[in-house]
Amino acid sequence: MPDLILHQYALSPYSKKVISIFAFKNLAWQAVEQPVIAPKPDLTPLTGGYRKIPVLQIGAHIYCDTKLMIREIEKRYPDAPLTPPALLGAAELLADWADYRLFSHAAAPSIFEIGELVPKDFLADRAAMQRPEVLAAALPVDHVKAQFVLDLQMINRQLEATPFMLGERFTLADAATFHVLNFACSAPSLAAEVNKHPAIAKWLKGILDMGEGQRSDMQPADALAVARDAAPDYTPPADAIEDEALPVGKMIAIKPNDYGQEETVGEIVWVTAEALAVKRTDEQVGDVLVHYPRLGYLFEARA
Ligand SMILES: N[C@@H](CCC(=O)N[C@@H](CS)C(=O)NCC(=O)O)C(=O)O
(Lines give C-alpha, C1' and ligand atoms only; values in the text may rest on other atoms or scores of the structure.)
Protein backbone atom coordinates (compact mmCIF):
# COMPACT_ATOMS: atom_id res chain seq x y z
CA MET A 1 0.00 0.00 0.00
CA PRO A 2 1.51 3.43 -0.95
CA ASP A 3 2.60 5.60 1.99
CA LEU A 4 1.34 8.86 0.52
CA ILE A 5 -2.27 9.59 1.44
CA LEU A 6 -3.81 12.77 0.07
CA HIS A 7 -7.02 13.99 1.69
CA GLN A 8 -8.72 15.89 -1.14
CA TYR A 9 -11.83 16.32 -3.27
CA ALA A 10 -12.25 16.50 -7.02
CA LEU A 11 -13.06 20.23 -7.25
CA SER A 12 -10.12 21.29 -5.05
CA PRO A 13 -7.59 23.39 -6.98
CA TYR A 14 -4.81 23.15 -4.39
CA SER A 15 -5.13 19.35 -4.49
CA LYS A 16 -4.44 19.47 -8.22
CA LYS A 17 -1.19 21.32 -7.48
CA VAL A 18 0.07 18.38 -5.40
CA ILE A 19 -1.38 15.78 -7.77
CA SER A 20 0.54 17.34 -10.68
CA ILE A 21 3.71 16.67 -8.69
CA PHE A 22 2.68 13.06 -8.03
CA ALA A 23 2.25 12.84 -11.81
CA PHE A 24 5.60 14.47 -12.56
CA LYS A 25 7.37 12.04 -10.21
CA ASN A 26 5.08 9.14 -11.17
CA LEU A 27 4.42 8.38 -7.50
CA ALA A 28 1.91 5.88 -6.11
CA TRP A 29 -0.56 7.54 -3.73
CA GLN A 30 -3.94 7.03 -2.12
CA ALA A 31 -6.78 9.49 -2.54
CA VAL A 32 -9.16 9.98 0.38
CA GLU A 33 -12.33 11.88 -0.53
CA GLN A 34 -13.15 14.59 2.00
CA PRO A 35 -16.24 16.80 2.13
CA VAL A 36 -16.17 20.05 0.13
CA ILE A 37 -17.63 21.99 3.07
CA ALA A 38 -17.29 21.77 6.86
CA PRO A 39 -17.64 19.74 9.02
CA LYS A 40 -14.91 17.25 8.11
CA PRO A 41 -15.22 14.58 10.80
CA ASP A 42 -12.72 12.23 9.13
CA LEU A 43 -10.09 14.94 8.66
CA THR A 44 -10.03 16.89 11.93
CA PRO A 45 -9.03 13.87 14.08
CA LEU A 46 -5.78 14.02 12.08
CA THR A 47 -5.22 17.80 11.98
CA GLY A 48 -6.84 18.76 15.28
CA GLY A 49 -8.90 21.50 13.59
CA TYR A 50 -7.32 22.64 10.31
CA ARG A 51 -9.99 22.05 7.65
CA LYS A 52 -8.34 23.21 4.46
CA ILE A 53 -7.74 20.81 1.60
CA PRO A 54 -5.52 19.07 0.72
CA VAL A 55 -3.86 17.47 3.73
CA LEU A 56 -1.03 15.00 3.20
CA GLN A 57 -0.78 12.04 5.55
CA ILE A 58 2.22 9.73 5.77
CA GLY A 59 1.55 7.24 8.57
CA ALA A 60 1.06 9.33 11.74
CA HIS A 61 2.65 12.43 10.14
CA ILE A 62 0.17 15.05 8.96
CA TYR A 63 1.29 17.87 6.62
CA CYS A 64 -0.80 21.03 6.35
CA ASP A 65 -0.39 23.47 3.43
CA THR A 66 0.73 22.55 -0.07
CA LYS A 67 4.01 24.50 0.09
CA LEU A 68 5.12 22.35 3.00
CA MET A 69 3.81 19.07 1.61
CA ILE A 70 5.61 19.62 -1.69
CA ARG A 71 8.91 20.20 0.13
CA GLU A 72 8.32 16.97 2.06
CA ILE A 73 7.50 15.00 -1.10
CA GLU A 74 10.68 16.36 -2.69
CA LYS A 75 12.72 15.30 0.37
CA ARG A 76 11.26 11.80 0.52
CA TYR A 77 11.19 11.19 -3.25
CA PRO A 78 14.27 12.94 -4.67
CA ASP A 79 14.20 10.97 -7.95
CA ALA A 80 12.91 13.13 -10.82
CA PRO A 81 13.73 16.31 -8.85
CA LEU A 82 11.00 18.89 -9.26
CA THR A 83 12.81 22.24 -9.22
CA PRO A 84 16.55 22.63 -9.87
CA PRO A 85 18.29 24.40 -6.95
CA ALA A 86 19.19 27.37 -9.17
CA LEU A 87 15.48 28.01 -9.82
CA LEU A 88 14.05 27.16 -6.40
CA GLY A 89 13.88 30.70 -4.98
CA ALA A 90 12.21 32.04 -8.11
CA ALA A 91 9.85 29.03 -8.24
CA GLU A 92 8.77 29.49 -4.62
CA LEU A 93 8.19 33.21 -5.13
CA LEU A 94 6.14 32.57 -8.27
CA ALA A 95 4.19 29.81 -6.51
CA ASP A 96 3.36 32.22 -3.70
CA TRP A 97 2.11 34.75 -6.27
CA ALA A 98 0.00 32.09 -7.98
CA ASP A 99 -1.39 30.56 -4.76
CA TYR A 100 -2.44 33.87 -3.27
CA ARG A 101 -2.67 36.72 -5.78
CA LEU A 102 -3.58 34.83 -8.96
CA PHE A 103 -5.93 32.58 -6.97
CA SER A 104 -7.63 35.61 -5.42
CA HIS A 105 -8.32 36.92 -8.95
CA ALA A 106 -9.66 33.57 -10.21
CA ALA A 107 -11.70 32.38 -7.23
CA ALA A 108 -14.59 34.84 -6.98
CA PRO A 109 -15.39 35.06 -10.74
CA SER A 110 -15.15 31.24 -11.09
CA ILE A 111 -17.37 30.48 -8.12
CA PHE A 112 -19.80 33.17 -9.27
CA GLU A 113 -20.15 31.34 -12.59
CA ILE A 114 -20.13 27.66 -11.58
CA GLY A 115 -22.73 27.99 -8.84
CA GLU A 116 -24.65 24.90 -9.96
CA LEU A 117 -21.59 22.64 -9.69
CA VAL A 118 -21.02 23.33 -6.00
CA PRO A 119 -23.07 22.06 -3.03
CA LYS A 120 -26.06 24.11 -1.91
CA ASP A 121 -24.38 25.40 1.25
CA PHE A 122 -21.04 26.10 -0.44
CA LEU A 123 -21.28 29.90 -0.63
CA ALA A 124 -22.33 30.22 3.02
CA ASP A 125 -19.50 27.87 4.05
CA ARG A 126 -16.86 29.85 2.13
CA ALA A 127 -18.20 33.19 3.40
CA ALA A 128 -17.96 31.88 6.97
CA MET A 129 -14.28 31.00 6.34
CA GLN A 130 -13.40 34.64 5.67
CA ARG A 131 -12.52 37.27 8.24
CA PRO A 132 -15.42 39.80 8.32
CA GLU A 133 -13.19 42.73 7.34
CA VAL A 134 -12.05 40.84 4.24
CA LEU A 135 -15.64 40.11 3.22
CA ALA A 136 -16.60 43.73 3.81
CA ALA A 137 -13.75 44.92 1.56
CA ALA A 138 -14.54 42.50 -1.30
CA LEU A 139 -14.03 44.13 -4.72
CA PRO A 140 -16.66 43.95 -7.49
CA VAL A 141 -16.49 40.62 -9.32
CA ASP A 142 -16.09 42.27 -12.75
CA HIS A 143 -13.04 44.16 -11.56
CA VAL A 144 -11.53 40.97 -10.11
CA LYS A 145 -12.13 39.16 -13.39
CA ALA A 146 -10.42 41.99 -15.28
CA GLN A 147 -7.40 41.57 -12.99
CA PHE A 148 -7.36 37.85 -13.84
CA VAL A 149 -7.30 38.72 -17.55
CA LEU A 150 -4.30 40.98 -16.91
CA ASP A 151 -2.57 38.15 -15.03
CA LEU A 152 -3.10 35.94 -18.10
CA GLN A 153 -1.16 38.42 -20.21
CA MET A 154 1.88 38.18 -17.94
CA ILE A 155 1.69 34.37 -17.89
CA ASN A 156 1.31 34.34 -21.66
CA ARG A 157 4.35 36.57 -22.16
CA GLN A 158 6.44 33.92 -20.43
CA LEU A 159 4.82 30.87 -22.05
CA GLU A 160 5.23 32.34 -25.52
CA ALA A 161 8.95 32.58 -24.78
CA THR A 162 9.59 29.29 -22.95
CA PRO A 163 7.64 26.02 -22.72
CA PHE A 164 7.32 26.30 -18.90
CA MET A 165 7.08 29.16 -16.41
CA LEU A 166 10.79 29.09 -15.59
CA GLY A 167 12.27 27.78 -18.81
CA GLU A 168 12.61 24.40 -20.39
CA ARG A 169 11.16 22.16 -17.67
CA PHE A 170 8.20 21.69 -15.32
CA THR A 171 8.85 23.11 -11.84
CA LEU A 172 6.92 24.14 -8.75
CA ALA A 173 6.10 27.42 -10.54
CA ASP A 174 4.14 25.44 -13.15
CA ALA A 175 2.32 23.29 -10.58
CA ALA A 176 1.14 26.41 -8.72
CA THR A 177 0.11 28.40 -11.80
CA PHE A 178 -1.53 25.31 -13.31
CA HIS A 179 -3.86 24.58 -10.40
CA VAL A 180 -5.30 28.10 -10.50
CA LEU A 181 -5.78 28.24 -14.28
CA ASN A 182 -7.20 24.72 -14.39
CA PHE A 183 -9.75 25.69 -11.73
CA ALA A 184 -10.57 28.94 -13.56
CA CYS A 185 -11.30 26.90 -16.71
CA SER A 186 -14.25 25.25 -14.94
CA ALA A 187 -16.01 28.59 -15.52
CA PRO A 188 -16.83 28.93 -19.25
CA SER A 189 -16.11 32.67 -19.54
CA LEU A 190 -12.73 32.32 -17.80
CA ALA A 191 -11.89 29.28 -19.95
CA ALA A 192 -12.63 31.47 -22.98
CA GLU A 193 -10.14 34.07 -21.68
CA VAL A 194 -7.49 31.40 -21.08
CA ASN A 195 -8.05 29.94 -24.56
CA LYS A 196 -7.40 33.32 -26.19
CA HIS A 197 -3.75 32.47 -25.46
CA PRO A 198 -2.66 29.36 -27.43
CA ALA A 199 0.64 29.16 -25.53
CA ILE A 200 -1.20 28.94 -22.19
CA ALA A 201 -3.75 26.45 -23.55
CA LYS A 202 -0.95 24.20 -24.86
CA TRP A 203 0.96 24.36 -21.57
CA LEU A 204 -2.22 23.59 -19.57
CA LYS A 205 -3.03 20.60 -21.76
CA GLY A 206 0.53 19.31 -21.43
CA ILE A 207 0.25 19.32 -17.63
CA LEU A 208 -3.22 17.70 -17.67
CA ASP A 209 -1.81 15.02 -20.00
CA MET A 210 0.82 14.16 -17.38
CA GLY A 211 -2.07 12.44 -15.52
CA GLU A 212 -2.23 11.87 -11.77
CA GLY A 213 0.60 9.43 -11.04
CA GLN A 214 -0.42 6.01 -9.69
CA ARG A 215 -3.62 6.88 -7.91
CA SER A 216 -5.76 4.49 -5.89
CA ASP A 217 -8.71 5.25 -3.64
CA MET A 218 -8.82 4.81 0.12
CA GLN A 219 -11.73 5.05 2.53
CA PRO A 220 -11.47 7.80 5.18
CA ALA A 221 -11.79 5.22 8.00
CA ASP A 222 -8.81 3.30 6.58
CA ALA A 223 -6.68 6.47 6.59
CA LEU A 224 -7.59 7.05 10.24
CA ALA A 225 -6.59 3.44 10.96
CA VAL A 226 -3.21 4.00 9.25
CA ALA A 227 -2.55 6.93 11.60
CA ARG A 228 -3.74 4.95 14.63
CA ASP A 229 -1.51 1.97 13.80
CA ALA A 230 1.61 4.07 13.09
CA ALA A 231 3.87 5.88 15.55
CA PRO A 232 5.24 9.31 14.66
CA ASP A 233 9.01 9.75 14.36
CA TYR A 234 9.85 12.65 16.68
CA THR A 235 13.48 12.98 15.53
CA PRO A 236 14.17 16.66 14.74
CA PRO A 237 15.44 17.35 11.21
CA ALA A 238 19.11 18.31 10.74
CA ASP A 239 18.17 21.98 10.28
CA ALA A 240 16.17 22.23 13.55
CA ILE A 241 16.82 25.45 15.47
CA GLU A 242 16.15 26.84 18.92
CA ASP A 243 13.60 29.63 18.80
CA GLU A 244 12.75 31.54 21.99
CA ALA A 245 9.34 32.41 20.61
CA LEU A 246 8.52 28.75 19.92
CA PRO A 247 10.20 26.66 22.65
CA VAL A 248 10.18 22.88 22.32
CA GLY A 249 7.77 21.29 24.83
CA LYS A 250 5.37 24.28 24.95
CA MET A 251 1.73 24.06 23.91
CA ILE A 252 0.74 26.33 21.03
CA ALA A 253 -2.27 27.04 18.84
CA ILE A 254 -1.65 27.34 15.09
CA LYS A 255 -3.99 28.85 12.51
CA PRO A 256 -3.77 30.22 8.95
CA ASN A 257 -3.34 34.01 8.85
CA ASP A 258 -5.86 34.40 6.01
CA TYR A 259 -9.09 32.37 5.77
CA GLY A 260 -10.28 29.13 7.37
CA GLN A 261 -8.77 29.99 10.75
CA GLU A 262 -9.57 26.75 12.59
CA GLU A 263 -6.82 26.00 15.13
CA THR A 264 -4.55 23.08 15.75
CA VAL A 265 -3.36 22.89 19.36
CA GLY A 266 -0.32 20.77 20.18
CA GLU A 267 3.05 20.50 21.91
CA ILE A 268 6.04 21.80 19.95
CA VAL A 269 8.35 18.90 19.07
CA TRP A 270 10.75 20.73 16.76
CA VAL A 271 11.13 23.98 14.89
CA THR A 272 13.15 24.95 11.82
CA ALA A 273 13.48 28.39 10.24
CA GLU A 274 10.57 27.60 7.93
CA ALA A 275 8.45 24.89 9.56
CA LEU A 276 7.44 23.30 12.83
CA ALA A 277 5.88 20.10 14.11
CA VAL A 278 3.49 19.68 17.02
CA LYS A 279 2.43 16.52 18.78
CA ARG A 280 -1.20 15.97 19.54
CA THR A 281 -3.16 13.06 20.87
CA ASP A 282 -6.57 12.22 19.52
CA GLU A 283 -8.97 9.63 20.85
CA GLN A 284 -9.53 8.14 17.38
CA VAL A 285 -5.98 8.16 15.98
CA GLY A 286 -3.70 8.31 19.04
CA ASP A 287 -0.48 10.33 18.77
CA VAL A 288 0.14 12.24 15.56
CA LEU A 289 2.79 14.77 14.52
CA VAL A 290 1.22 17.70 12.68
CA HIS A 291 3.55 19.73 10.44
CA TYR A 292 3.02 23.36 9.44
CA PRO A 293 5.01 25.89 7.42
CA ARG A 294 5.72 29.15 9.26
CA LEU A 295 4.92 31.36 6.26
CA GLY A 296 1.23 32.20 6.35
CA TYR A 297 0.49 30.89 9.86
CA LEU A 298 -0.12 32.49 13.26
CA PHE A 299 1.19 30.88 16.46
CA GLU A 300 -0.08 31.58 19.97
CA ALA A 301 1.11 30.15 23.29
CA ARG A 302 -1.40 27.99 25.16
CA ALA A 303 -1.32 26.89 28.76
N1 LIG B 1 -2.53 27.66 1.71
C2 LIG B 1 -3.30 26.46 1.57
C3 LIG B 1 -4.60 26.77 0.83
C4 LIG B 1 -5.52 25.57 0.70
C5 LIG B 1 -6.94 25.96 0.34
O6 LIG B 1 -7.36 27.12 0.44
N7 LIG B 1 -7.69 24.97 -0.09
C8 LIG B 1 -9.10 25.19 -0.39
C9 LIG B 1 -9.58 24.09 -1.33
S10 LIG B 1 -8.62 23.88 -2.76
C11 LIG B 1 -9.91 24.98 0.86
O12 LIG B 1 -9.42 24.44 1.81
N13 LIG B 1 -11.16 25.38 0.84
C14 LIG B 1 -12.03 25.13 1.96
C15 LIG B 1 -12.33 23.71 2.19
O16 LIG B 1 -12.09 22.84 1.33
O17 LIG B 1 -12.85 23.39 3.25
C18 LIG B 1 -2.46 25.41 0.84
O19 LIG B 1 -1.55 25.76 0.08
O20 LIG B 1 -2.67 24.21 1.08
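Which residues surround the ligand? In this predicted model, the ligand is surrounded by Ser12, Pro13 and Tyr14, by Arg51, Lys52 and Ile53, by Asp65, Thr66 and Lys67, and by Asp99 and Gly260. Sorted by class, this shell holds five charged residues, three polar ones and three nonpolar ones. Two helices are worth finding here: helix H1 (13–25) and helix H3 (66–76) each supply at least two residues of the shell.

From the ligand, let us turn to the sheet. Ten strands form an open sheet with mixed pairing, and their order is E5-E2-E1-E3-E4-E9-E8-E7-E6-E10. The edges are strand E5 (214–218) and strand E10, each of which pairs on one side only. On average, neighbouring strands of this sheet are turned by 35° against each other, direction ignored.

Two of the pairings in this sheet show what "mixed" looks like. Strand E4 (residues 61–64) runs in the parallel sense with strand E9 (residues 286–293), and three bridges join them. In this pairing His61 stands opposite Leu289 in E9. Strand E6 (residues 251–256), on the other hand, pairs with E10 in the antiparallel sense, over six bridges. Here Pro256 is found opposite Tyr297 in E10.

Stay with E10 for a moment. Is this edge strand buried or in the open? Strand E10 covers residues 297–302, and of its six residues the number buried is zero, so the strand lies largely in the open. If you follow the chain into the segment after E10, you meet Ala303. This residue has 4 C-beta neighbours inside 10 Å; 12 or fewer make a residue exposed, so Ala303 counts as exposed. Its C-alpha atom is separated by 39 Å from that of Leu102, a residue 201 positions away along the chain.

Leu102 gives us a handy way over to the helices, since helix H4 spans residues 85–113. Two packed helices are described by the angle between their axes and the distance between the axes. For H4 and helix H9 (residues 188–195), the angle is about 130° and the axes are 8 Å apart. That angle makes H4 oblique to H9. Which residues meet in this contact? On the H4 side they are Ala106, Pro109, Ser110 and Glu113, and on the H9 side Pro188, Ser189 and Leu190. By class, the contact has four nonpolar residues, two polar ones and one charged one.

Conventions: Residues numbered from 1 in each chain as written. Predicted model: local features only at pLDDT ≥ 70, side-chain atom pairs only at ≥ 80, totals over all residues. Buried ≥ 20, exposed ≤ 12 C-beta atoms within 10 Å, placed from the backbone. Helix = DSSP H or I, 4+ residues; strand = E, 2+ residues; numbered from the N terminus. Pairing = 2+ DSSP bridges. Near = placed C-beta within 6 Å. Nonpolar A, V, L, I, M, F, W, Y, C, P; charged D, E, K, R; others polar. Axes fitted to C-alpha atoms, helices over the stretch in contact; angles between N-to-C directions. Parallel < 35°, antiparallel > 145°, perpendicular 65-115°, else oblique. Contact = placed C-beta atoms within 7 Å.
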